[in-house]
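Hi everyone, thanks for making time this morning. I'd like to walk you through a structure that may be new to you, so please have it open as we go.

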Amino acid sequence: MIPVPLLVCVMAAWCAVYLADTLLRTSVTHRISYESWLASRGLMLSPFHLRWQTTMFNRLFAYCARINPRALYLWFSSGLVFGIVAMLGSVVLLVKTLQQTLAQMTTDNPRMGGQQTLQVVVPGVNLPTSQLAYFFSALLLSGVIHELGHAVAALREQVRVNGFGMFVFVVYPGAFVDLFTTHLNLISPTQQLRIFCAGVWHNFVLCVAALAFLFLLPILLFPVYYTGAGALVTEVVQGSAADGQRGLSVGDIVTGLEDCPVRGVEDWSSCLSHLSHTPQTGYCVPVSSLQPSWAHGRAFKRLDGTMDCCSNNSLTDLCFSYMKPQGRNGREREYACMPVRKMVTGTRVCRSDADCAAHSNAPSVCVTPSLENQTRFIRVTHPPNTHMLFVGYPPHLQYSVSLTNFVPRLGFLHLDLPIFLETFCKYVVSLSGALAVVNSVPCFALDGQWMLNALLEATLVTVVTDRQKRELIGFFLLLAGSALLAANVALGLWMVTAR
């Protein structure tokens, strides 16, 4: 569902900007000075599109193009090879994504949505508003690096760069370079390919660099942050299952969920997934501490068929089930309503009575919380505090807190710095990789159009001597690529906003 408040704010902002622009352009007293001000600053304004262009970076581009010509030749030649491979790979990837989208449209399985390789991103729909700063910053950085590749490659091939600029289209930022078309048409198709492939090549390199930084982050931050000691709580959702006096607090380090050790965020997620897909853990308690259900009323069935024996809706008692020690063949099941914290504090986990007998001299039985289907009882270990006891659906606990692997060595260090670096790197990897894929597609108005045209001119000139026939072949290939990309975007957008 499209977030109406966000849409209204965006529309209102653009309407206000366009209205002010229209009033100034039609004003007799301010029109000339306003247009001169826009031209002097390289600004252009149209509905839902703001563009800025400058020549201030031309010297920087020229300096980069003169650094080690031999190395740059090898660098952009590698980009040429990557661009051709990426063009073919992007088509295969889009075909696969389209098949996944169509399969998702024809099934009611909600898990199919997470299997898509590429997804359309709509701020406020499948992108939380709290992540918008990361998203737009990473998108702008990816666009700038992309255009930097084009500019340096063009200058190396003796093509003039008229300027560099940035733009905002609706809410999406981007960048561009303006190349001198006459120079571009005079060079060979292979030289053109080096220029056109440089953008996606630089996006790929940025993606790899961000991925490497992400993996090396524990080493880079080792002097001030350490990892492997547990998952550090950085935020607790107010009113959630983890909130409260005996819940989790910011700064707590979670080291275990039941008998599953937690050394980091990945362990936290895997332990919760494991606990939610395995039978409820039991606990070894002395036989003498058991209090049969008749002391609190007879056990009764819930609507889902499970048993309960605590009829007073107590927040401190919980119904446990166990095999009655004196039962015939040890198969009679009894239920006991017991104070939960007292019974499970310091006790060993078990799956059967045999587990308890192997580790205790006193007569003990394995008692298991009798809960509703999919509900679990989980002890959360966060020393030096006592266990946090959770009863509910395990994913609810996962969404109740924000965690990080990085624990500061010094008290004044901010808990969110590693999270910021991790999140930003993940967005750079995703968005820079996505730009490399999308711009490689042989599609009108994208880099893939010029890459395909230059590739056809470089390879088919001896096979198809008629230039018009080569252009016709390129046109139909571009038409097919554009239709493929448009189908992915349209269906992906529908899947995101309609469900």
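I'll go through spaces inside the protein, then charged pairs, then the surface, and finish with some backbone details.

One thing to keep in mind from the start is that this is a predicted model.

Let's begin with the inside. How many cavities of 30 Å³ or more does the count come to? The count comes to 1. The largest cavity holds about 30 Å³ of space. If you want to find it on your screen, look for its lining: Glu258, Leu275, Pro279, Gln280, Thr281, Arg376, Phe377 and Ile378. Which element gives the most to that lining? That would be strand 17, residues 376–381, with 3 residues. As for character, the lining has 4 nonpolar, 2 polar and 2 charged residues.

Now for a pocket. The second largest pocket has a volume of about 690 Å³. It is lined by 28 residues, and those closest to its centre are Ser314, Leu315, Thr316, Asp317 and Val391. Strand 13 (317–323), helix 9 (340–344) and strand 18 (388–392) each bring at least two residues to this lining. Strand 18 gives the most, with 4 residues. Sorted by type, the lining of this pocket comes out as 13 nonpolar, 8 polar and 7 charged.

On to the charged pairs. As a reminder, side chains of opposite charge can pair when their charged atoms come close. How many salt bridges does the count come to here? The total is 11, and I've picked three to show you.

The first one I've picked is between Glu35 and Arg25, where the closest N and O atoms are 3.7 Å apart. Glu35 sits in helix 2 (residues 31–40) and Arg25 in helix 1 (residues 4–26), so this pair ties together parts that are 10 residues apart in sequence. Glu35 counts as partly exposed, at 31% relative accessibility, and Arg25 is also partly exposed, at 30%.

Next, have a look at Glu157 and Arg156. Their closest N and O atoms are 2.8 Å apart. Is Glu157 buried or exposed? Glu157 is buried, because its relative accessible area is 5% and the cut-off for buried is under 20%. Its partner Arg156 is partly exposed, with a relative accessible area of 21%.

The last pair I've picked is Glu457 with Arg467, with 3.5 Å between the closest N and O atoms. This pair links distant parts of the chain, 10 residues apart: Glu457 is in helix 13 (residues 447–459) and Arg467 is in helix 14. Glu457 is buried, with a relative accessible area of 18%, while Arg467 counts as partly exposed at 48%. And there is a network to point out as well: salt bridges that share partners join Asp21, Arg25, Arg31 and Glu35.

Let's stay with helix 14 and turn to the surface. Which residues make the nonpolar surface patch of about 460 Å²? They are Phe444, Leu472, Phe475, Phe476 and Leu479. Leu479 lies in helix 14, which covers residues 467–498. Leu479 is partly exposed, with 41% relative accessibility.

Here is a contact across the sequence. Tyr226 and Arg409 are 183 residues apart in sequence, but their C-alpha atoms are 6.8 Å apart in space. You'll find Tyr226 in strand 5 (residues 225–226), and it counts as partly exposed at 27% relative accessibility.

Finally, the backbone. Most residues other than glycine have a negative phi, and most peptide bonds are trans. With that in mind, here are three places to visit.

Start at the peptide bond from Pro383 to Pro384, which is cis, with omega near 5°. Pro384 is in the loop between strand 17 and strand 18. You've met both strands already: strand 17 in the cavity lining and strand 18 in the pocket lining.

Then go to Asn68, whose phi is positive, near 45°. Asn68 is found in the loop between helix 3 (58–65) and helix 4 (69–105), and it is partly exposed at 46% relative accessibility.

The last stop is Val170, where phi is also positive, near 60°. Val170 lies in the loop between strand 3 (161–169) and strand 4 (172–179). With 30% relative accessibility, Val170 counts as partly exposed.

That's my tour. Thanks for listening!

Notes
Residues are numbered from 1 along each chain as its sequence is written. This is a predicted model: local features need pLDDT of at least 70, side-chain atom pairs count only at pLDDT 80 or more; totals for chains, interfaces and linings use all residues. Side-chain values use heavy atoms; hydrogens and water are left out. Patches are made of residues with over 30% relative accessible area and no salt bridge: like charges are joined within 9 Å, nonpolar side chains (Val, Leu, Ile, Met, Phe, Trp, Tyr) within 5 Å. Accessible areas come from the Shrake-Rupley method with a 1.4 Å probe; for residues, only the protein chains shown count as cover. A salt bridge is a side-chain nitrogen of Lys or Arg within 4 Å of a carboxyl oxygen of Asp or Glu. Buried means under 20% relative accessible area, exposed over 50%, partly exposed in between (1.4 Å probe, protein chains only). On a 1 Å grid over the protein atoms alone, a cavity is a set of points where a 1.4 Å probe fits but cannot get out, and a pocket is an open set with protein on both sides within 12 Å along at least five of seven lines; lining residues have an atom within 4 Å of a point. Grid points are joined across faces, edges and corners, and a volume is the space filled by probe spheres set on the points. Ala, Val, Leu, Ile, Met, Phe, Trp, Tyr, Cys and Pro count as nonpolar, Asp, Glu, Lys and Arg as charged, and the others, Gly among them, as polar.
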